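Biologist: Could you walk me through the ligand site, with the reasoning behind each term?

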Amino acid sequence: MRVAIYPGSFDPITNGHLDVVKRASKMCEHLIVSIIYNPNKTPLFTLEERFRQVKGAVMNYSNVTVDTFTGLLVEYAQQKQAVSIIKGLRAISDFEYEFQMALMNRKLCPDIETIFLMTSNEYSYLSSSIVKEVARFGGCIKGLVPENVRREVIEKFSS
Ligand code: PNS
């Protein structure tokens, strides 16, 4: 069974992330969307909220499951017997940091390959941070995040 991990904060998951899920799910037998729990960060959504949101967003993909992890990504990937880590690239600006992480992950675990997938043009400007920024000031985020998530983002900022 060829397992791939798609890791991220997913705070919240966007349609750009979903575009990567769609592409990656065609390339492996089992894709695990893995949400990081980072005790040093304060996300907008709790781990439980993000888990529920991502589950709702990927429910139509039969070979995609959702999980959470903490600590080193490659150690987690090894536990899951994953052969690859999927990363989405939107622009050149993503590349430097992603390249550094990929090489460090290879140093830590040479057996796991990082695979970069380019997102669709229409999502190349999209990030969780920019969605939160727009929503914080009452801007329209329709079409940027899955509908189940859109409602929750708006709710977070209206309280
Ligand atoms: O969605 P994000 O916040 O860009 O995801 C970043 C993530 C979770 C992929 C990255 O921070 C990560 O892999 N964290 C796990 C810690 C780790 O393994 N660090 C060493 C990699 S160089």
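What follows is a short talk about the ligand and the space around it.

Modeller: Happy to! This is a predicted model, where local features need pLDDT of at least 70, side-chain atom pairs count only at pLDDT 80 or more, and totals for chains, interfaces and linings use all residues. Residues are numbered from 1 along each chain as its sequence is written, and side-chain values use heavy atoms, with hydrogens and water left out.

Biologist: What makes the pair between Ser-9 and the ligand a polar contact?

Modeller: A polar contact is a pair of N or O atoms within 3.5 Å. A side-chain N or O atom of Ser-9 is 2.5 Å from a ligand oxygen atom, so the pair counts as a polar contact. Leu-73 uses a backbone N or O atom instead, 2.8 Å from an oxygen atom of the ligand, so that pair counts too.

Biologist: How do you know how much of the ligand the protein buries?

Modeller: Accessible areas come from the Shrake-Rupley method with a 1.4 Å probe. Taken alone, the ligand exposes 550 Å², and the protein buries 70% of that.

Biologist: Why is Lys-87 listed around the ligand, and what is the make-up of that shell?

Modeller: A residue is near a molecule if one of its heavy atoms lies within 4 Å of it. Lys-87 is among the residues around the ligand, so one of its heavy atoms meets that limit. The shell has 6 nonpolar, 4 polar and 1 charged residues, with Gly counted as polar and Lys as charged. H4 gives the most, 3 residues.

Key: Polar contact = N/O pair within 3.5 Å; in protein donor to acceptor, adjacent residues only side chain to side chain. Helix = DSSP H or I, 4+ residues; strand = E, 2+ residues; numbered from the N terminus.
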